[in-house]
Amino acid sequence: MIGNLACTISRLQRVFRIRFDKSSINEAEKLIEFIHTRSAYVAQTSLYGYLKTRMGRSYAAIFKDERFAPSLNAAKWTVYAACLSDLTVYSAALVASGSLMDREETAAFAAYCHGECVRRTFEGKCASVIEEEVCKSFSKRARATIWANAAVGATAFSESPEALANSSPVSDTFKQLDHEIVTNSVRFRWNDVRNQLQRRLDGEALGENWTMLIRQERSG
């Protein structure tokens, strides 16, 4: 019991530290940490919040149902992958808008950040399969992204609202009834994340470092 309490306190401390961190994001590792933690936060709070609202008093009991576990697990990874994709695209686009990164360099930067987040997230027997599918899907999206547009407003956040609305383990009737409310709830959660990143990001410094690295690799 003491061990569980200590673990809970440790997690809470980390959440608060991350949530209220106001330091400059001026290197790739800091941006990756931001993308990783915020994607997980939005995915978890959106999915679990929706399920709690829909299930009411049976919320706690249903989570103990082994028959429900596979559906919840699938939804959890689907929503997280969509959140990660959206925030990575937005972050890379924002860096590019404040630097001299070209389209190819921006796509490479986005793929690097996304890959690092994926590597730090997925575990277990199915990890390699999930990683391959998630990275393949993101690579396709990155190639088609117009980065200048993705940095404007909520344009980049197109996958996560639909992922939550369509993948949540609820009946098809609820999915239809709740679609607008659910998608809007996710979009609302991203507002604060975007504001945080805009305040903290030093796109010029980050972009310069990445551009220098990429061009050295090209010339080498």
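Okay, let me start with a single residue: E159 comes out as partly exposed, with a relative accessibility of 30%. Before I go on, keep in mind that this is a predicted model.

So who does E159 pair with? Its partner is R141, and the two side chains form a salt bridge at 3.7 Å, N to O. In terms of where they sit, R141 belongs to helix α6, residues 127-144, and E159 to helix α8, residues 159-167, so this pair links distant parts of the chain, 18 residues apart.

Now, is R141 buried or exposed? Buried, because its relative accessibility is 13% and the cut-off for buried is under 20%. That gives us a salt bridge with a buried arginine on one side and a partly exposed glutamate on the other.

What else does R141 touch, if we skip the neighbours within four places in sequence? The list is S85, D86, V89, A156, S158 and E159. So the salt-bridge partner E159 turns up there, along with, for example, D86.

Okay, moving on to the other group. Which residues get joined into one network by salt bridges that share partners? Those are E29, E116, R119 and R120. I'll go through two of the links, both of them on R120.

Link one is R120 with E29, where the side chains meet at 2.9 Å, N to O. R120 is in helix α5, residues 103-121, while E29 is in helix α2, residues 28-55, so this salt bridge ties together parts that are 91 residues apart in sequence. On accessibility, R120 has a relative accessible area of 29%, which makes it partly exposed. E29 is partly exposed as well, at 39%.

Link two is R120 with E116, again a side-chain salt bridge, this time at 3.2 Å, N to O. Here both residues are in helix α5, and they sit 4 residues apart, so about one turn of the helix. And E116? Buried or exposed? With a relative accessibility of 15%, E116 counts as buried.

So if you have the structure open, click on R120: there's a salt bridge to E29 in helix α2, and there's another to E116 within helix α5.

Last thing, for the overall picture: how many salt bridges does a search of the whole structure find? The answer is 6. I've walked you through some of them, including R141 with E159 and R120 with E29. That's it from me, happy to pull any of these up on the screen.

Methods: Residues numbered from 1 in each chain as written. Predicted model: local features only at pLDDT ≥ 70, side-chain atom pairs only at ≥ 80, totals over all residues. Heavy atoms only, no water. Salt bridge = Lys/Arg side-chain N within 4 Å of Asp/Glu carboxyl O. Helix = DSSP H or I, 4+ residues; strand = E, 2+ residues; numbered from the N terminus. Buried < 20%, exposed > 50% of the residue type's maximum accessible area, 1.4 Å probe, protein only. Contact = heavy atoms within 4.5 Å.
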